[in-house]
Amino acid sequence: LNAATYKAVGRVRFVILDDLVLVARRRRRKTGAGDASGSTVNEGKLVAERCWPLSEMLVLDTKDSPRMTNVFKIRHGKETHVYRTENAQDKKSLLSQLRHVAEELATKKRKEREGEHERRKSIWQAGGGDRSSSANMPEWMADVATSGGEIPGVDLGSDAKEKVEQDSRWAAEWADDLTVAIALRQWEKAVALVEEGKTKLSTTPPLAHKLPPLNALLTKSLLSSLSLPSIRKSTVVSLISYLLRLKAGPAARSTLLQMRTKVIKTHVRKIRFD
């Protein structure tokens with residue numbers, strides 16, 4: 001929305017990554033075939049419009065008013081951006097995801113600080129544990145110990161640390177790819193990423209807290225698409241196959257039956273009785 005007038009200026013899509021929030025707008029393009037005027041406007045590809053680090057942005061919920069509902073604001077630096085969702089549930093879900101990812105990021109940074117503190121502490125203890133021992137060290141070694149670097153001759157498990165760092169990077173990239181695939185409704189890619197994550201769960205510890213919420217988000221998105229009355233038979237078959245791969249067969253069956261029941265009741269109400 002326009003921040004001054006609150007008038008709609010276009011539709012956007014939010015993509016929430018591990019430490020960033022991406023706002024994408026669908027670029028419209030003109031084609032040469034169509035109506036009598038000789039051109040039509042079709043929806044083009046999603047184009048990134050804004051991107052903010054989670055640690056630098058502030059999300060403000062806005063109370064509903066008789067004239068405006070489902071509005072929230074994002075403040076980044078001196079700029080304030082206003083957005084509005086189609087319904088209250090979408091707003092609640094989006095704000096909940098933003099809050100969850102922000103909390104995860106804060107927890108991750110806190111653990112990194114604690115890990116760095118323990119690493120420096122272990123280096124200090126390896127050097128003797130007190131200031132008198134550091135006084136006996138060469139000046140360059142004392143500087144390295146103070147700054148938290150490695151001391152030659154002290155084995156701090158470099159291979160294990162490298163493995164942890166590689167796993168963390170891979171899990172972060174995996175989570176970003178899966179989040180983008182869900183946002184863009186690339187179901188085949190998203191389901192394949194979840195299956196890949198499940199196979200590597202036992203050997204990649206960082207996935208333990210990333211896989212369950214993203215798996216649940218993908219399942220929820222697939223069920224939401226399946227509940228639409230206007231979907232075609234081929235789409236229904238594809239969505240159900242994806243849900244079966246995610247071990248969500250009962251939920252798929254229940255959602256499909258509920259959707260078809262609503263459709264049947266709608267058609268029954270349209271029957272005219274003379």
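Angles over 145 degrees between helix axes count here as roughly antiparallel. The model shown in these views is predicted.

**View 1. Helix 7 and helix 8 cross at roughly 150 degrees.** Helix 7 covers residues 233-245 and helix 8 covers residues 249-269. Their axes come within 8 Å. The crossing angle of roughly 150 degrees is over 145 degrees, and the two helices are therefore roughly antiparallel to each other. The crossing of helix 7 past helix 8 is right-handed.

**View 2. Residues of helix 7 meet residues of helix 8.** From helix 7, the contact takes in V236, I240, L243 and L244. On the side of helix 8, the residues met are G249, A252 and L256. Sorted by class, six residues of this contact are nonpolar and one is polar, while none is charged.

**View 3. Strands 4, 5 and 6 form an open sheet.** The three strands lie in the order 4-5-6, with antiparallel pairing. Strand 4 (57-61) and strand 6 (79-84) are the edge strands, each of them paired on one side only. Direction ignored, neighbouring strands of the sheet are turned against each other by 20 degrees on average.

**View 4. Strand 4 pairs with strand 5.** Strand 5 comprises residues 71-76, and its antiparallel pairing with strand 4 runs over five bridges. One position to look for is M57, whose bridge partner in strand 5 is H76.

**View 5. Strand 5 and strand 6 form a hairpin.** These strands pair in the antiparallel sense over six bridges. F72 has Y83 in strand 6 as its bridge partner. Two residues lie between the strands of the hairpin. In the turn, G77 has a positive phi of about 65 degrees.

**View 6. Two stretches have pLDDT below 50.** For the protein, the mean pLDDT is 78, and 78% of the residues reach 70 or more. Residues 129-135 form one stretch with pLDDT below 50. Beyond near neighbours in sequence, residues 129-135 have seven contacts in the model. Residues 143-156 also have pLDDT below 50. For residues 143-156, the model has 22 contacts beyond near neighbours in sequence. Where pLDDT is low, predicted coordinates should not be read in detail.

Technical notes: Residues are numbered from 1 along each chain as its sequence is written. This is a predicted model: local features need pLDDT of at least 70, side-chain atom pairs count only at pLDDT 80 or more; totals for chains, interfaces and linings use all residues. Side-chain values use heavy atoms; hydrogens and water are left out. Axes are lines fitted to C-alpha atoms, for helices over the stretch in contact, and angles run from 0 to 180 degrees between N-to-C directions. Helices (H or I, at least four residues) and strands (E, at least two) are DSSP runs, numbered from the N terminus. Angles under 35 degrees count as roughly parallel, over 145 as roughly antiparallel, 65 to 115 as roughly perpendicular and the rest as oblique. A crossing is left-handed if the near helix is turned anticlockwise from the far one by less than a right angle, and right-handed if clockwise. Contact means heavy atoms within 4.5 Å. Ala, Val, Leu, Ile, Met, Phe, Trp, Tyr, Cys and Pro count as nonpolar, Asp, Glu, Lys and Arg as charged, and the others, Gly among them, as polar. Two strands pair if DSSP finds at least two bridges between them. pLDDT is the predictor's confidence in each residue, from 0 to 100.
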